[in-house]
Amino acid sequence: MNLLKGPSARAAAGFAGAAVVLFALAPLLLSEFRLGLLAKYLCIAMVAVGVCLAWGRGGLLTLGQGVFFGLGGYAMAMHLKIADAGPGNLPDFMQLYGTATELPWWWQPFANPLFALAATVLLPMAVAAVLGSFIFRRRVKGAYFAILSQALAAAFAIWLIGQQATTGGTNGLTDIQGFFGYALDDPVNQRMVYFIIAAVLLLLIALARQLIHSRYGELLVAVRDSEERVRFLGYDPANVKLVAYVVAAGMAGLAGALFVPAVGIISPALIGIVPSIEFVIGAAVGGRASLVGAVLGAVAVAWAKTALSEEFPAAWTYFQGLLFIVALAFLPGGLASLAGIVRRRRAAAEKKAAVIPVGEAA
Amino acid sequence: MTVILGQTFTGISIGAVLLLIALGLSLTFGQMNVINMAHGEFIMAGAYTTYVLQKSISSAGISLLVALPVAFLVSGALGALLEWLLIRRLYLRPLDTLLVTWGVSLMLQQLARDIFGAPNVQTRAPDVLTGNITLIGGDDPLTVANSRLFILGLAVAAVVALSLTLRLTPLGRRIRAVVQNRDLAEVSGISTSTVDRTAFFIGSGLAGVAGVALTLVGPIGPTMGTNVIIDAFLVIVVGGIGQLKGTVIVAFVLGVLQSVLEYSTTVSVAKVLVLVGIVAFLQWRPQGLYTLRTRSLV
């Protein structure tokens with residue numbers, strides 16, 4: 001019986017439940033189109049796992065996750081474009097502009113599938129490591145960090161748009177046909193992509209949970225709450241933050257890489273300031289410090305966006321704005337904290353109810 | 001030679017625009033530590049105010065002059081309302097103000113789209129401001145657009161007005177007192193909540209004035225706030241939070257840097273290079289150009 005109690009047993013049960021929903025119920029109940037959308041939301045949820053770690057646990061409000069999402073996405077899309085074009089040929093948009101007669105040098109390594117796959121995760125992590133070590137060592141934090149990370153997302157998107165000939169500019173890399181030899185317009189292969197995404201998401205959640213419940217996870221929260229005390233205890237807060245930032249970047253990169261086969265496009269519009277904030281918002285609405293909250297929040301907000309914005313684009317923007325305001329101003333713990341608040345209220349009420357008769361008797 | 005001078009002056013005029021859009025932020029973000037992402041939409045409100053006034057006032061010159069105070073009041077009122085509704089609940093959580101006000105900015109953008117339509121609109125500049133003035137004559141003349149000179153003048157006037165208000169008036173003294181030590185100000189009989197709201201009114205009002213100036217250099221549209229807000233925040237961060245002097249210097253330096261880099265590369269590469277420069281600069285001075293020396297452990 002004790003197996004069913006305790007946090008790790010509950011987590012295991014939660015994982016089993018999530019696996020059943022993702023691998024059995026969703027493919028069974030949803031149409032191909034809806035399943036494709038779910039795959040997209042799950043990618044956004046992967047970013048939210050990283051956001052939960054860096055922001056919810058570490059207090060690093062990173063508004064530049066779009067950069068890492070984009071690096072992963074472009075790395076994957078570049079390989080798929082080269083593979084679509086076949087050896088020696090140029091990707092279609094380069095032929096269209098006629099600017100390049102051969103692959104630009106920085107595209108060439110991505111012809112190798114192993115290099116491209118590794119790059120989708122390692123490239124964002126490397127960029128985060130360099131940036132983070134600069135930023136955290138000099139104790140740039142709080143608002144400075146948030147604004148700097150946001151500016152990075154803006155600069156990255158602007159740079160991509162400016163390099164029309166080699167990055168596809170505003171259009172981005174579109175019309176991706178194949179995924180490591182499998183045609184993406186085949187529904188069976190689309191389903192396979194969905195299963196890969198669901199599996200990776202569960203893996204990332206497990207990894208994040210492991211980190212959160214380790215000694216490192218406690219240090220991370222300690223740095224968030226009182227950086228100076230952690231420094232006085234002999235740890236270097238910069239390193240602690242760096243790890244969370246780099247891991248979050250890797251997760252965003254992986255999410256971007258898997259987003260490409262699921263949706264078939266990567267473009268600057270998906271990684272600039274606005275999407276970078278949206279990555280954070282899902283996690284904030286669900287509950288930034290709770291993994292389950294962040295993931296469910298990200299999926300729910302992404303779903304609401306599709307459901308409402310198709311029908312009422314204007315109404316959705318108002319609703320989205322209102323959602324941020326209510327969730328952050330009045331429910332800083334997100335929806336995940338609602339249960340706890342209700343429980344505390346009820347406990348307080350019961351205590352009161354239990355105390356009053358005694359008072360009256362005396 | 002003229003090329004360099006020309007680029008420098010373009011840079012100074014970019015800097016003047018940057019300074020105007022960042023000036024209000026130096027009060028709300030720099031002094032009050034509130035990251036107001038809706039500041040860009042207050043700029044937009046100022047620009048649309050100019051547009052509306054021009055519809056009812058036929059003379060472009062008079063409507064521009066009327067727009068300056070009216071835009072100040074409109075944006076200022078929006079700012080005070082925002083402070084009263086939301087921000088006063090969030091002074092202890094500055095990072096959350098960022099996301100909450102982002103929600104506000106989304107709603108304001110949509111509101112503008114619903115009222116004025118999604119496409120950009122344009123105002124007529126008064127005749128006085130449409131021409132150019134020749135600074136250096138001869139074979140290789142250096143000319144400057146009058147509207148740019150006007151913006152430069154406006155920026156200088158706004159800085160002077162703000163810094164005099166902060167230095168000399170009782171209101172300015174109260175604002176500085178609240179910024180330096182909120183609790184001590186409160187027990188000294190200063191109503192900190194009134195001061196907060198007034199400071200927010202002035203900061204947001206300055207955004208409105210910036211909006212009026214922006215109608216002279218570009219189109220007016222629902223997304224114009226998003227385009228300028230990051231630059232404005234960067235100016236404050238690099239200048240040093242709460243340091244008016246830093247804001248002024250950095251606005252012009254970044255403007256000239258941007259202009260010179262644009263001349264030698266492209267607009268997008270210049271933006272990226274400026275940003276890399278900022279990250280490098282913060283390595284050297286993590287708290288910005290000017291900092292208030294304190295004994296805190298930051």
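Two residues are said to be in contact when heavy atoms of the two lie within 4.5 Å. With that in hand, a good place to begin in this predicted model is a pair of helices in chain A. Gln65(A), Phe68(A), Phe69(A), Gly72(A), Gly73(A), Met76(A), Ala77(A) and Leu80(A) of helix α3(A) meet a set of residues in α11(A), including Tyr245(A), Ala248(A), Ala252(A), Gly256(A), Phe259(A) and Pro261(A). The residues of this contact comprise 14 nonpolar, five polar and no charged.

The geometry of the pair comes next. Helix α3(A) spans residues 65-85 and α11(A) residues 237-263; their axes lie 7 Å apart and form an angle of about 40°. Because of that angle, α3(A) is oblique to α11(A). The crossing of α3(A) with α11(A) is right-handed.

Turning to the interior, the largest nonpolar core contains 213 residues, and among those with the most contacts inside it are Leu42(A), Tyr194(A), Phe29(B) and Leu99(B). Helix α2 of chain A, residues 32-57, gives the most to this core, with 18 residues. Leu99(B) reaches across to chain A: with neighbours within four places in sequence set aside, the contacts of Leu99(B) include Trp55(A), Leu61(A), Ile277(A), Val280(A) and Phe324(A).

Finally, Ala80(B) sits in helix α3 of chain B, residues 60-85. Ala80(B) counts as buried because its relative accessibility is 17%, the cut-off being under 20%. Beyond residues up to four places away in sequence, Ala80(B) touches Arg197(B) and Phe201(B). The C-alpha atoms of Ala80(B) and Thr198(B) are 7.2 Å apart, although 118 residues separate the two along the chain.

Conventions:
Residues are numbered from 1 along each chain as its sequence is written. Chains are lettered from A and ligands numbered from 1 in the order in which they are written. This is a predicted model: local features need pLDDT of at least 70, side-chain atom pairs count only at pLDDT 80 or more; totals for chains, interfaces and linings use all residues. Side-chain values use heavy atoms; hydrogens and water are left out. Axes are lines fitted to C-alpha atoms, for helices over the stretch in contact, and angles run from 0 to 180 degrees between N-to-C directions. Helices (H or I, at least four residues) and strands (E, at least two) are DSSP runs, numbered from the N terminus. Angles under 35 degrees count as roughly parallel, over 145 as roughly antiparallel, 65 to 115 as roughly perpendicular and the rest as oblique. A crossing is left-handed if the near helix is turned anticlockwise from the far one by less than a right angle, and right-handed if clockwise. Ala, Val, Leu, Ile, Met, Phe, Trp, Tyr, Cys and Pro count as nonpolar, Asp, Glu, Lys and Arg as charged, and the others, Gly among them, as polar. A nonpolar core is a set of buried Ala, Val, Leu, Ile, Met, Phe, Trp, Tyr and Cys residues joined through side-chain atoms within 4.5 Å. Buried means under 20% relative accessible area, exposed over 50%, partly exposed in between (1.4 Å probe, protein chains only).
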